[in-house]
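Here are some short exercises to work through with the model open beside you. Try each task before reading its solution.

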Amino acid sequence: MQRNEITGPCTRLPRNVNMEKLQSGYLFPEIGMREVEHTQKYPHARLIRLGIGDTTQPIPDIITSAMAEHVYALSTVKGYRGYGAEQGNMELRMAIADKFYRDVGVKVNEVFVSDGAQCDISRLQMLLGPNVSMAVQDPSFPAYIDSSVIVGQAGNFQSETRTYDNIVYMKCGPENNLFPDLSTTSRTDIIFFCSPNNPTGYAASRQQLQQLVDFAKANGSIIIYDSAYAAYVTDDSPRSIYEIPGAKEVAIEISSFSKFAGFTGVRLGWTVVPEELLYSNGFPVMKDYNRIVCTCFNGASSVAQAGGLACLSTEGYRALSTVVDYYMGNAEIIVDAFASLGLKVYGGKNAPYVWVHFPGMSSWDVFNEILEKTHIVTVPGRGFGPCGEGYVRISAFGHRECILEASRRLKNLYK
């Protein structure tokens with residue numbers, strides 16, 4: 001249990017026991033703290049940040065111009081708008097449904113615009129409540145587990161395994177093609193699944209996702225499918241869970257403008273909750289999610305939504321595709337660098353992340369070695385779950401000259 005060292009007058013309010021279960025700091029702030037310490041130690045070093053997956057390329061003019069025009073209109077009587085619909089601008093909801101789900105039958109009323117996928121993860125956890133069991137890919141994005149702990153789904157933390165009771169960790173290692181062995185996976189109420197996966201960069205195949213949907217249907221489970229990196233898919237891997245027959249009966253999909261449109265600071269995303277998705281008593285999940293949104297959210301920024309509409313225009317999406325290609329070019333350089341050193345490398349094909357194995361080494365030790373000797377920030381794989389031990393994640397979000405310099409430094413370190 002973590003205790004505050006500050007002494008002095010206290011209230012009589014006990015700390016939330018679920019917050020007490022959270023272990024140390026959230027992964028990315030922890031990395032940020034180590035980065036600050038390193039900068040203080042080496043104030044003249046040229047630090048290259050390939051850790052936190054933050055975009056670096058400018059947002060195309062056609063998109064920022066649309067946002068600027070909307071902002072200017074707010075200063076006029078004719079153009080001023082206040083509160084919008086909690087579910088999002090209808091024009092944007094229609095554009096999302098048409099652009100990403102035209103061939104899979106997602107309806108406009110099933111699309112809920114938000115301020116980002118990470119916020120929607122927590123809203124969905126609030127919707128589902130503490131009395132459900134959950135499964136998660138191992139390794140996976142830490143917010144799935146941390147939000148589960150916060151709402152009370154998780155049991156006690158086991159220090160030896162670094163896992164929580166009541167959470168099923170679905171091992172996604174190379175021995176099973178980075179996909180869980182569903183034949184040995186216990187039944188849970190909800191299944192968090194990200195594809196292309198963060199951190200491994202692996203995009204599940206159509207056959208694998210059909211297995212996942214069939215598994216959920218057989219067990220009466222709900223899949224929460226994170227497709228934030230779908231725009232980076234370069235092969236025939238599905239970009240949406242709804243490409244799989246039967247998925248609308250068992251899956252919610254969350255997605256984001258952050259990584260394909262550079263909206264990490266603008267904040268815009270969406271969640272799809274199909275009408276066909278029902279609780280055990282036959283009540284539509286979509287109606288409860290709509291209530292959560294209307295109660296806890298006043299809608300995404302109208303400025304961000306104006307930008308989102310521009311993103312999905314023909315010219316806007318074409319411009320964004322060029323940026324996506326740029327990041328994937330970065331990924332190819334990183335993959336080639338580590339592969340040339342004889343290391344086993346995953347990802348970098350359908351996602352802007354490269355997952356590198358350092359056999360026999362602690363992932364935090366590798367992180368520290370790379371930071372100390374090359375001044376490059378990565379992410380230790382252990383921060384994504386027990387199966388991340390021995391790996392590091394390298395982000396392809398960066399300026400090309402930084403990626404090339406990082407490649408040179410890493411080759412010199414491990415040659």
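Two strands count as paired if DSSP finds at least two bridges between them. Keep in mind that this model is predicted.

**Exercise 1.** Find the bridge partner of Ile190 in strand 8.

*Solution.* Start with the two strands: strand 7 covers residues 190-194 and strand 8 covers residues 222-226. They run in the parallel sense and share 5 bridges. Within that ladder, Ile190 is matched with Ile222.

**Exercise 2.** Work out which strands stand at the edges of the sheet, and why one side of each lacks a neighbour.

*Solution.* First write down the order, 2-10-9-8-7-3-6, for the 7 strands of this open, mixed sheet. Next look at the ends: strand 2 (111-114) and strand 6 (167-171) each have a single partner strand, so one side of each has no neighbour in the sheet. Finally, add the twist: neighbouring strands are turned by 20° against each other on average, direction ignored.

**Exercise 3.** Place helix 4 (residues 90-101) against the sheet and check its length.

*Solution.* Begin with its contacts: helix 4 packs on the sheet by touching strand 2, strand 9 and strand 10, and its direction makes about 115° with that of strand 2. Then test the length: at 1.5 Å a residue, its 12 residues should span 16 Å, and the end C-alpha atoms are indeed 16 Å apart. Now turn to the buried residues, among them Leu92, Ile96 and Tyr101. Their cover includes strand 2, strand 9, strand 10 and helix 10 (302-311). Last, inspect the N-terminal end, where Asn89 acts as a cap: a side-chain oxygen lies 2.7 Å from the backbone nitrogen of Glu91.

Terms used:
Residues are numbered from 1 along each chain as its sequence is written. This is a predicted model: local features need pLDDT of at least 70, side-chain atom pairs count only at pLDDT 80 or more; totals for chains, interfaces and linings use all residues. Side-chain values use heavy atoms; hydrogens and water are left out. Helices (H or I, at least four residues) and strands (E, at least two) are DSSP runs, numbered from the N terminus. Axes are lines fitted to C-alpha atoms, for helices over the stretch in contact, and angles run from 0 to 180 degrees between N-to-C directions. Contact means heavy atoms within 4.5 Å. The expected span of a helix is 1.5 Å times one less than its number of residues. Buried means under 20% relative accessible area, exposed over 50%, partly exposed in between (1.4 Å probe, protein chains only). A polar contact is a pair of N or O atoms within 3.5 Å; within protein, one must be able to donate a hydrogen and the other to accept it, and residues adjacent in sequence count only if both atoms are side-chain atoms.
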